[in-house]
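Colleague: Before we use any of the labels attached to this chain, I would like to go through them one by one and hear the reasoning behind each.

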Amino acid sequence: MNQEKVNKLQHQVRQVRIGGKGTPRRKKKVVHRNAVTDDKKLQTTLKKIPVNLIPSIEEVNMIKSDDTVIHFANPKVQASLAANVFAISGHAENKTVSEMIPGILNQMGGDKLANLQSLVQKYVAAGENAPAVPTAEADDDVPDLVENFDEASKDEST
């Protein structure tokens, strides 16, 4: 046999063996993990710590340092104040701060508001349209009253 082929086969044998001596050889190691098993492990761990379910929380927003938000709508929130543990589970969505602007302003701290102002200034400096803020001029779609309708209603009643 060619020495190059022998080295290549030995390298393949070392690479594909998963267990110890006597285990079957596989092409690759397949790890089966899904969210259900992770959730079960989390719930068993939380049972060891006495956590209480906090009802009637409509949304949870986690603002990260890179101006993205992890948004949970109708999450399941469990807490243990003695252990300083909060567990939030549910469907999470990654959004940008600009997508969440109207509803998230009261949740942002002072430093984040300063970052938001600099973000708006970047939009203006770049010549792009800043996120639209409704003004009083937008409500001018309703025409002004030109007649007195009280007189017309008095004429109908007679």
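**Strands, sheets and exposure**

Modeller: Thr68 has Thr96, in E6, as its bridge partner. Please keep in mind throughout that this is a predicted model.

Colleague: How do you know that strand E3 and E6 are paired, and in which direction do they run?

Modeller: Two strands count as paired if at least two bridges are found between them. Strand E3 (residues 68–73) is joined to E6 by five bridges, and the two run antiparallel, so they satisfy that criterion.

Colleague: What is the order of the strands in the sheet that holds them, and which strands stand at its edges?

Modeller: The order is E2-E3-E6, an open sheet of three strands with antiparallel pairing. Its edge strands are strand E2 (59–63) and strand E6 (92–96), each of which pairs on one side only. On average, neighbouring strands of this sheet are turned by 25° against each other, with direction ignored.

Colleague: Why are E1 and E5 called edge strands?

Modeller: They belong to an open sheet of three strands in the order E1-E4-E5, again with antiparallel pairing. Strand E1 (52–54) and E5 each have a single partner strand, so one side of each is left without a neighbour in the sheet. The twist in this sheet averages 30° from one strand to the next. E1 is joined to E4 by three bridges, and these strands run antiparallel; within that pair, Asn52 stands opposite Ala79 in E4.

Colleague: What makes Gln78 a buried residue?

Modeller: Its relative accessible area is 10%, and because buried means under 20%, Gln78 falls into that class. Gln78 lies in strand E4 (residues 76–80), and, leaving aside residues up to four places away in sequence, Gln78 touches Gln43, Leu46, Val51, Asn52, Leu53, Val85, Phe86 and Ala87.

Colleague: Why is Ser89 called partly exposed?

Modeller: The relative accessible area of Ser89 is 22%, which is neither under 20% nor over 50%, and therefore the residue is placed in between. Ser89 is found in strand E5 (residues 85–89), where, not counting residues up to four places away in sequence, it touches Pro75 and Lys76. Ser89 and Leu42 are 47 residues apart in sequence, while their C-alpha atoms are 9.9 Å apart in space.

Colleague: On what grounds are Ser56 and Asn84 classed, and what is notable about their phi values?

Modeller: Ser56 has a relative accessible area of 73%, and because exposed means over 50%, Ser56 is classed as exposed; Asn84, at 64% relative accessibility, is exposed by that criterion too. Ser56 is placed in the loop between E1 and E2, and Asn84 in the loop between E4 and E5. As for the backbone, most residues other than glycine have a negative phi. Ser56, although not a glycine, has a positive phi of about 60°, and Asn84 likewise has a positive value, near 55°.

Colleague: What does the chain look like as a whole, in its elements, its burial and its surface?

Modeller: The secondary structure comes to five helices and six strands, and from the N terminus on the elements run α-α-β-β-β-β-β-β-α-α-α. Of the 158 residues in the chain, 13% are buried. The accessible surface comes to about 13500 Å², with 53% of it belonging to carbon and sulfur atoms.

How values were computed
Residues numbered from 1 in each chain as written. Predicted model: local features only at pLDDT ≥ 70, side-chain atom pairs only at ≥ 80, totals over all residues. Heavy atoms only, no water. Helix = DSSP H or I, 4+ residues; strand = E, 2+ residues; numbered from the N terminus. Buried < 20%, exposed > 50% of the residue type's maximum accessible area, 1.4 Å probe, protein only. Contact = heavy atoms within 4.5 Å. Axes fitted to C-alpha atoms, helices over the stretch in contact; angles between N-to-C directions. Areas by Shrake-Rupley, 256 points an atom, 1.4 Å probe, with all protein chains shown as cover.
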